[in-house]
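Hi,

Here is the structure I promised to pass on to you. Please open it next to this email, and then read my notes below.

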Amino acid sequence: MRYHVDRLFPGAAPVIEALASKKKDFASLLADYEELSTWLAVRERSSETDDEEIGNARELIGELETEIRQQLEKYDERTR
């Protein structure tokens, strides 16, 4: 289950699954995104938050989102 990825790209599950099954690096990228997004959601609800740590996580999540989006666009262009 890719909860955070599915929320980021609603309706793209078939394309995401196809690409993840063909490219291990993409599957790894998705796993990293899920793990970090879950970590951030837990930390943001915690009473012991570290603003710098959370800021760094948000920045990295943004970079991962960009990479996922670029990979999906490349895949979509090749499959048209």
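**Helix H2 and its two sides**

On the other side of H2 from its buried residues, Pro14, Ser21 and Lys22 are exposed. Exposed means over 50% relative accessible area, buried means under 20%, and partly exposed is in between, with a 1.4 Å probe and protein chains only. The buried residues of this helix are Ile16, Leu19 and Ala20. These three sit on the same side of H2 because they cover an arc of only 100° around the axis, the arc being that of the directions from the helix axis to the C-beta atoms. What do the buried residues of H2 pack against? They pack against helix H1 (3-8), H3 and H4. Contact here means heavy atoms within 4.5 Å.

Before you go further, please note that this is a predicted model, where local features need pLDDT of at least 70, side-chain atom pairs count only at pLDDT 80 or more, and totals for chains, interfaces and linings use all residues. Residues are numbered from 1 along each chain as its sequence is written, and side-chain values use heavy atoms, with hydrogens and water left out.

**The whole chain**

The chain has four helices and zero strands, so its elements run α-α-α-α from the N terminus on. Helices (H or I, at least four residues) and strands (E, at least two) are DSSP runs, numbered from the N terminus. The C-alpha trace spans about 45 × 20 × 20 Å along its principal axes. Of the 80 residues in the chain, 31% are buried. Among contacts between residues at least 6 apart in sequence, 63% join residues at least 24 apart.The surface that the chain exposes comes to about 5500 Å², and carbon and sulfur atoms supply 48% of it; accessible areas come from the Shrake-Rupley method with a 1.4 Å probe, and for residues only the protein chains shown count as cover. As for charge, there are 12 positive and 19 negative side chains, and the centres of the two sets lie 8 Å apart. Lys and Arg count as positive and Asp and Glu as negative, while His and the chain ends are not counted. The place of a charge is taken as NZ of Lys, CZ of Arg, CG of Asp or CD of Glu.

**The nonpolar core**

In soluble globular proteins, nonpolar side chains tend to be buried together. A nonpolar core is a set of buried Ala, Val, Leu, Ile, Met, Phe, Trp, Tyr and Cys residues joined through side-chain atoms within 4.5 Å. Which residues of the largest nonpolar core touch the most other members? Out of its 19 residues, they are Phe9, Ile16, Phe26, Leu30, Ile68 and Leu72. Helix H2 (13-22), helix H3 (24-45) and helix H4 (51-79) are the elements that give two or more residues to this core. H4 provides the largest share, seven residues.

Take a look at Phe26 in particular. Leaving aside neighbours within four places in sequence, Phe26 is in contact with Ile16, Leu19, Ala20, Ile68, Gln71 and Leu72.

**Some residues to click on**

Three of my picks are in helix H3:

- Glu35 lies in helix H3 and counts as exposed because its relative accessibility is 59%. His4 is 31 residues away from Glu35 along the chain, with 9.2 Å between their C-alpha atoms.
- Ser37 is found in H3 too, but Ser37 counts as buried, at 8% relative accessibility. Not counting neighbours within four places in sequence, Ser37 is in contact with His4 and Ile61.
- Leu40 also has its place in H3 and is buried, with a relative accessible area of 9%. Beyond residues up to four places away in sequence, Leu40 touches Ile54, Ala57, Arg58 and Ile61.

The other two are in H1 and H4:

- Tyr3 lies in helix H1 and counts as partly exposed, at 43% relative accessibility. Between Tyr3 and Leu60 there are 18 Å in space, C-alpha to C-alpha, and the two are 57 residues apart in sequence.
- Asp76 lies in helix H4. Is Asp76 buried or partly exposed? At 32% relative accessibility, Asp76 counts as partly exposed. Asp76 and Val15 are 61 residues apart in sequence and 7.9 Å apart in space, C-alpha to C-alpha.

Enjoy exploring, and write back with any questions!

Best wishes
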